[in-house]
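Morning, everyone. I have one structure to walk through today, and I'll keep it brisk.

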Number of protein chains: 2
Amino acid sequence: MPSYETLTVELGERSYDIHVGNGLLAEAGALIKPVIRSQRLIIVTDENVAPLYLASLETSLKAAGLTAESIVLPAGEQTKSITYFEQLIEQILAKKIDRKGTLIALGGGVIGDLTGYAASAVLRGIDFVQVPTTLLSQVDSSVGGKTGINSSHGKNLIGAFYQPRLVLADIDTLDSLPQREMLAGYAEVAKYGLIDDPEFFAWLERTGNDLCDGNKDHRRQAVVMSCKSKAKIVVEDETEQGRRALLNLGHTFGHTLEAETGFSDKLLHGEAVGLGICLAFDLSAHLGLCPQDDAERVRAHYAAVGLPTSPIEIAGVMWHTDALLDHMQSDKKVEDGKVTFILARAIGEAFVARDTDMADARLIVDNAIQQD
Amino acid sequence: MPSYETLTVELGERSYDIHVGNGLLAEAGALIKPVIRSQRLIIVTDENVAPLYLASLETSLKAAGLTAESIVLPAGEQTKSITYFEQLIEQILAKKIDRKGTLIALGGGVIGDLTGYAASAVLRGIDFVQVPTTLLSQVDSSVGGKTGINSSHGKNLIGAFYQPRLVLADIDTLDSLPQREMLAGYAEVAKYGLIDDPEFFAWLERTGNDLCDGNKDHRRQAVVMSCKSKAKIVVEDETEQGRRALLNLGHTFGHTLEAETGFSDKLLHGEAVGLGICLAFDLSAHLGLCPQDDAERVRAHYAAVGLPTSPIEIAGVMWHTDALLDHMQSDKKVEDGKVTFILARAIGEAFVARDTDMADARLIVDNAIQQD
């Protein structure tokens with residue numbers, strides 16, 4: 001029996017539901033049917049996800065009297081490029097979709113971000129539905145309407161704010177997730193506690209290992225809590241004029257590390273965010289903003305579930321401070337030449353810092369990449 | 001002395017002014033300064049426009065205490081492609097623009113549409129200002145927030161609704177416009193009369209030749225009237241859910257003709273729209289919706305100013321009905337498999353027709369491409 005909870009992201013005429021639960025893929029057709037505006041459906045997925053879940057989704061659509069064509073892209077971060085953006089759009093147009101058509105993104109963050117951005121662009125905007133199949137995409141990228149692709153200058157530098165019509169997060173799909181990706185997603189789950197919910201972080205300290213090892217109740221509870229946290233912030237600030245920037249905790253350092261590894265499998269996005277969060281707390285403690293104990297508690301928890309907590313744990317990468325600082329200066333989060341950091345006064349007390357001295361950031365990076 | 005009129009496009013927090021007048025380039029700095037949010041300005045223009053107006057714009061910005069970098073792209077419709085979209089964005093990012101930066105589009109419709117779409121995409125959206133230098137862009141593409149690029153499947157199939165912060169239409173820049181492009185823009189000017197303003201069309205019948213030959217008062221009046229007409233419709237229906245489709249008068253047939261000529265110089269966009277309008281009135285008359293006399297009056301006026309009024313006047317193109325109909329089916333204006341046409345009950349009484357029998361459209365195309 002499917003069972004799920006529903007949250008609504010309240011954004012006026014762009015409002016949508018997020019369903020989180022078990023057995024949701026089997027219900028997808030019935031849940032999608034009320035939100036679509038024409039019978040033209042195209043599923044976009046990748047080569048890893050297609051063999052696992054495409055048939056289930058198609059069966060479920062069929063049971064609801066719907067049919068969909070599908071487009072299967074290569075798996076991996078390289079797909080989140082303008083090359084695949086173009087290919088995907090040309091394929092969608094070749095299928096003669098119309099303005100009331102709907103794309104269904106079935107997969108992780110790469111598929112969701114790319115498909116959402118394609119939906120924003122095709123015929124200047126068609127509908128899309130997110131069916132995230134990774135922990136990272138269930139708790140982060142599928143909610144909130146940030147879509148986009150990477151540039152040679154950095155991650156997610158090309159994109160649009162474009163909300164889905166519906167998000168279906170089926171916890172059961174996490175069963176097939178490699179443990180490394182589970183942990184990468186977990187780094188973002190813990191982020192919500194660190195931003196403004198110390199009790200949630202404390203709960204994760206108790207349940208995190210169980211959750212990562214497969215406990216479905218904990219997984220579901222964590223996804224629901226994460227989506228609630230994210231939806232709350234998105235509703236307050238849809239296009240990141242202010243408070244939404246808190247969701248970037250760990251992302252200034254994290255994106256820099258990812259850029260330096262060429263967005264490759266050496267360092268997954270969630271791993272980079274986890275490392276970035278450790279560094280953001282280090283910087284906060286170094287600046288005397290946050291107790292050193294809190295920075296250590298954050299690192300200890302990430303280490304306890306098995307996440308890397310220092311860049312030097314990443315195999316096969318030679319880090320260089322100058323290069324890392326340079327990537328930081330090209331990030332989206334730069335305004336009037338200043339790099340924005342999300343710092344913390346304590347666990348659960350993150351804030352947006354727009355006047356951090358780059359010498360302090362450099363020191364933190366320098367310390368972090370020492371091999372001593 | 002500069003002198004100009006100002007219209008406001010009322011779209012809530014996305015509202016903006018359109019200034020239309022003479023000597024506006026010299027005033028650009030003073031007019032742009034109040035709407036920008038940071039000192040990071042990048043002018044995007046093309047190889048034809050740069051030698052004519054880039055220095056004037058830079059001088060004017062400098063006089064207002066602003067500096068801008070510039071990016072000069074090749075001229076022509078081929079630039080409105082995903083290849084140049086990517087190149088432009090990478091160049092903008094290489095200049096380390098931030099989220100409060102502004103792009104200034106200096107040029108015709110290609111530069112305006114491409115730059116606007118790049119502005120929508122860079123860092124998920126930065127500001128942009130339109131400085132249209134062709135009649136077509138002054139009366140049509142610079143107003144209303146339709147931005148985009150072409151796909152191999154057709155024109156403007158990839159894009160976004162994204163409003164500029166300001167439009168500066170300097171009538172003096174039309175002095176350098178080749179006569180063929182002046183006429184192409186004129187086809188869209190007359191369109192506003194044909195949609196819902198028969199008096200404006202009658203005025204154009206009296207003044208059109210003078211206007212095309214260089215009469216600045218008439219040009220200015222025509223640009224103001226056109227922008228007013230367009231702004232009114234855009235305010236009513238920003239994202240083309242209904243009434244805005246009227247602006248597509250002539251575009252269903254027009255886009256098809258352009259697609260068949262590969263968006264080349266054989267047929268300019270405005271020329272295609274003019275031809276398309278003649279065919280839309282032919283179809284309206286054929287269906288008994290509109291007096292035959294009105295269709296003839298439209299064709300006679302376009303012919304009087306020197307525009308082509310039949311596809312067979314276009315040199316070096318072999319037209320094929322099947323190919324033309326096929327392009328029509330891939331257009332953005334297809335919904336639930338039906339091609340949308342803008343038809344007319346009379347001059348100044350256009351309406352959106354969603355149930356046209358394609359056999360009738362085929363007949364009109366067939367007749368139009370007969371060489372006899």
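I'll go from domains to the chain contact, then to the sheet, the core and one residue.

First, a caution: this is a predicted model. Every value I quote is computed.

Start with chain A and its domains. The assignment gives domain 1 as 3–175 and domain 2 as 179–369. Their centres, taken over C-alpha atoms, are 25 Å apart. The contact between them takes 30 residues from domain 1 of chain A and 31 residues from domain 2 of chain A. Which elements supply the domain 1 side? β1 (3–9), β2 (16–22), α5 (135–141) and β8 of chain A each give at least two residues to it. By class, that side of domain 1 has 14 nonpolar, 11 polar and 5 charged residues.

Now the contact between the chains. Here 33 residues of chain A touch 33 residues of chain B. On the chain A side, at least two residues each come from α3 (82–94), α4 (109–121), β7 (146–151), β8 (154–161) and β10 (334–335). Which of them gives the most? That is α3(A), with 6 residues. The class count for this side of chain A is 12 nonpolar, 10 polar and 11 charged.

Stay with β7(A) and β8(A) for a moment. They form a hairpin, with 2 residues between the strands. The two run antiparallel, joined by 5 bridges. In that pairing, A:Thr147 stands opposite A:Ala160 of β8(A). Is β8(A) enclosed or open? Of its 8 residues, 7 are buried, so β8(A) is largely enclosed by the rest of the structure.

Over to chain B and its sheet. This is an open sheet of 7 strands with mixed pairing. The order is β1-β2-β9-β6-β5-β3-β4. Which strands sit at the edges? β1 (3–9) and β4 (68–73) of chain B do, each pairing on one side only. On average, neighbouring strands are turned by 20° against each other, direction ignored.

Look inside the sheet at β6 (residues 127–132) and β9 (residues 166–170) of chain B. They pair in the parallel sense, over 2 bridges. B:Gln130 has B:Val167 of β9(B) as its bridge partner.

Helices lie across these strands. α4 (residues 109–121) of chain B lies across β3 (41–46), β5 (102–107) and β6 of chain B. It runs at about 170° to β5(B). α8 (residues 216–236) of chain B lies across β1, β2 (16–22) and β9 of chain B. Its angle to β2(B) is also about 170°.

Next, the core. In soluble globular proteins, nonpolar side chains tend to be buried together. The largest nonpolar core in this model has 235 residues. Which members touch the most others? They are A:Ala118, A:Ala280, B:Ala118 and B:Ala280. Take A:Ala118. Beyond its neighbours within four places in sequence, it contacts A:Phe85, A:Leu88, A:Ile89, A:Ile92 and A:Leu103.

Last, one residue from the edge of the sheet: B:Thr6, in strand β1 of chain B. Is B:Thr6 buried or exposed? The cut-off for exposed is 12 or fewer other C-beta atoms within 10 Å. B:Thr6 has 11, so B:Thr6 is exposed. Outside the four-place window in sequence, B:Thr6 contacts B:Asp17, B:Ile18 and B:His19. There is also a long-range pair. B:Thr6 and B:Val224 are 218 residues apart along the chain, with 8.7 Å between their C-alpha atoms. B:Val224 brings us back to α8, residues 216–236 of chain B.

That's my tour. Over to you.

Notes. Residues numbered from 1 in each chain as written. Chains lettered and ligands numbered in written order. Predicted model: local features only at pLDDT ≥ 70, side-chain atom pairs only at ≥ 80, totals over all residues. Core = buried A, V, L, I, M, F, W, Y, C linked by C-beta atoms within 7 Å. Buried ≥ 20, exposed ≤ 12 C-beta atoms within 10 Å, placed from the backbone. Contact = placed C-beta atoms within 7 Å. Helix = DSSP H or I, 4+ residues; strand = E, 2+ residues; numbered from the N terminus. Nonpolar A, V, L, I, M, F, W, Y, C, P; charged D, E, K, R; others polar. Domains from an automatic or database assignment. Pairing = 2+ DSSP bridges. Axes fitted to C-alpha atoms, helices over the stretch in contact; angles between N-to-C directions.
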